[in-house]
Structures are given as structure tokens and as C-alpha cells.
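Trainee: I would like to go through this structure with you. Where should we begin?

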Amino acid sequence: MLYLGYIIGTCAALLGVSLAGIITDRHFVVIMLAVEVMLVASMIATVAFISYNEAPDPIGFVFLIALWAVAAAETIALVTFYIYMKYRGVDFDVTKLSRMKW
Amino acid sequence: MYPTNADVYAYAIISIITVLSSILIFVQKRLIYSAIALALVFAGSALIFLELGQALLALVQLLVFVGGISTYLIVAIAAEEKGAKLYSPYIFIAAAVAISLVLSLIAGAVPSATGAGSSSFLSMAASAFETYYPLLYAMMFLLMAATIGTIVVVKKFVRLVV
């Protein structure tokens with residue numbers, strides 16, 4: 001088994017990259033992809049802590065399933081919003097979004 | 001049990017590929033390439049699961065995320081893509097390096113523990129299904145709500161266009 005610090009370091013790097021993407025980019029789809037990367041980082045951390053725990057609590061498994069469900073739901077929402085915004089002519093620049101409905 | 005050099009090198013390669021793929025998401029000009037880079041991040045995470053001894057989770061990650069979600073995302077974006085992304089790659093790279101360094105320093109504080117062995121995922125899953133089944137039902141409803149919402153939005157949109 002690897003040192004836990006290595007895996008948490010990878011998670012930190014993924015989280016840092018996605019956070020930088022959210023801070024510096026204004027494109028709606030890119031921000032949603034960055035959130036996906038954040039979810040991947042948290043999935044890796046969860047699995048690492050499950051694997052390194054000699055007597056893991058089942059709530060860790062539930063948390064992992066929750067992460068999978070949120071990531072899948074987010075992708076569905078992303079594609080739906082993307083197609084909807086594109087055909088409605090809405091700007092993908094999130095700083096220009098000011099209305100909830102067009 | 002201490003990690004062997006082969007383990008560490010394999011993990012280093014997987015980790016570098018995963019992090020580089022995540023950077024590629026933000027520096028690509030076309031969204032389709034960003035979606036493909038995200039698929040690589042998913043595949044890298046599956047390999048990390050495998051490295052952690054969780055073969056079943058790695059398989060699920062590959063099947064659901066690389067095989068399902070990434071394909072869905074790539075096909076949807078490829079079909080509908082227009083224009084270039086709004087981004088400034090230099091600012092992104094500077095911010096990514098700064099934030100990753102800070103987070104890695106924080107991660108350095110994590111004790112260098114090695115696990116005694118991989119926990120049995122299946123036995124834990126069985127226990128979770130017995131104890132926390134309402135939470136699992138809630139997640140199922142989340143996915144169902146997302147899917148129904150998609151159908152409602154797309155149906156409305158199709159009616160407008162056709």
C-alpha cells in the first residue's frame with residue numbers, strides 16, 4: 001500500500017487545478033467540468049480513507065455512492081443546460097447571467 | 001507494510017497523468033477536447049482505485065464514468081459545440097500552480113500512514129445497504145429528479161423548435 005499522503009497530495013492537486021479553473025474561467029461548461037474534477041478528487045480521497053481504515057464505517061460507502069450520484073446528476077444537468085442555453089441564445093459567460101428564466 | 005518502488009513509480013505516473021489531464025480541461029480551446037480530458041481524469045481515478053486495491057470500485061468507475069457519463073458528455077458537446085471558450089490560459093496556469101502548492105502543503109501535514117490492507121468493500125457495502133438504505137433511496141431520487149427534469153426541459157425545447 002502507498003502512503004496516504006501521496007494520495008491526498010494528488011487529491012489536493014486536482015482540487016487546486018479545478019479551483020483555479022473556476023476562479024479564472026467564466027465559461028459555464030468549463031465551470032461545471034471543474035466541479036466534476038472536484039468530485040473526482042473527493043471520490044479518490046474517500047476511497048483512500050476507506051482503504052486505509054482497518055475497520056471502516058459503512059457511512060463511507062454511502063458517502064461514495066452520494067458522490068457518484070451527484071456527479072452523474074451534475075452531468076445530466078450540465079448537458080441539459082448546455083443544449084437549452086445554446087438554442088435559447090444565452091451567453092455562456094456566467095458573469096452575464098442575471099436571469100433564471102429566458 | 002511499506003510501499004515498494006514499483007508501487008510508488010506506478011502511482012506517480014498515474015497521478016501525473018491524472019493531474020495533467022485535469023489541467024488540459026482548462027487550457028484546451030475546444031470544449032470537446034476538455035470533455036475528452038475529463039474522461040482521462042475519470043480513467044486516472046479508476047487506476048488510482050486499482051492501485052488502492054479496490055478493483056470493484058475501479059470497474060464501476062470505468063463503466064459508469066468513462067463508459068457512461070463521459071461518452072454522454074462528449075457526444076452531447078460534439079453535437080452542439082459552438083465557438084471557443086472564454087479563458088486566459090496564463091492566468092489559469094498561475095492560479096493552478098499557486099492553489100495546488102498551497103493545498104499540497106496542507107496535504108503534507110497528513111501523517112504518512114500505510115494501511116494494513118484493503119478493506120473488503122463488498123462486506124461494507126452489504127452493511128451499508130442494511131443500515132443506510134433511506135439515504136441510498138434519497139440518492140436514487142436525486143438521479144431520477146435530474147432525469148425527469150432533463151426530459152421536461154428537452155420536451156419544452158423540442159416543442160419550441162419543431
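**Core, interface and one helix**

Trainee: Which residues does A:Val37 contact, leaving aside its neighbours within four places in sequence?

Mentor: This is a predicted model. With those sequence neighbours left aside, the contacts of A:Val37 fall in both chains. From chain B they are B:Ser22, B:Ile25 and B:Val41, and from chain A they are A:Leu14, A:Val17 and A:Ser18.

Trainee: Which helix gives the most to the largest nonpolar core?

Mentor: That core has 69 residues, and A:Val37 and A:Ile44 have the most contacts inside it. Chain A gives two or more residues from each of helix 1 (4–24), helix 2 (28–52) and helix 3 (59–88), and chain B does so from helix 1 (5–27), helix 2 (31–51), helix 3 (55–80) and helix 4 (89–108). With 16 residues, the one that gives the most is helix 2 of chain A.

Trainee: How many residues of each class are on the side of chain A that touches chain B?

Mentor: In the contact between the chains, 62 residues of chain A meet 73 of chain B. Helix 1, helix 2 and helix 3 of chain A each supply at least two residues to chain A's side. By class, that side has six charged, twelve polar and 44 nonpolar residues.

Trainee: How far apart are the end C-alpha atoms of helix 3 of chain A?

Mentor: Helix 3 of chain A has 30 residues, so at 1.5 Å a residue it should span 44 Å. The distance in the model agrees with this: the end C-alpha atoms are 42 Å apart.

Trainee: Which residue with a positive phi follows helix 3 of chain A?

Mentor: The buried residues of this helix include A:Phe61, A:Trp68 and A:Tyr82. After the helix comes a residue whose phi is positive, near 75 degrees: A:Gly89.

Notes: Residues numbered from 1 in each chain as written. Chains lettered and ligands numbered in written order. Predicted model: local features only at pLDDT ≥ 70, side-chain atom pairs only at ≥ 80, totals over all residues. Core = buried A, V, L, I, M, F, W, Y, C linked by C-beta atoms within 7 Å. Buried ≥ 20, exposed ≤ 12 C-beta atoms within 10 Å, placed from the backbone. Helix = DSSP H or I, 4+ residues; strand = E, 2+ residues; numbered from the N terminus. Contact = placed C-beta atoms within 7 Å. Nonpolar A, V, L, I, M, F, W, Y, C, P; charged D, E, K, R; others polar. Expected span 1.5 Å × (residues − 1).
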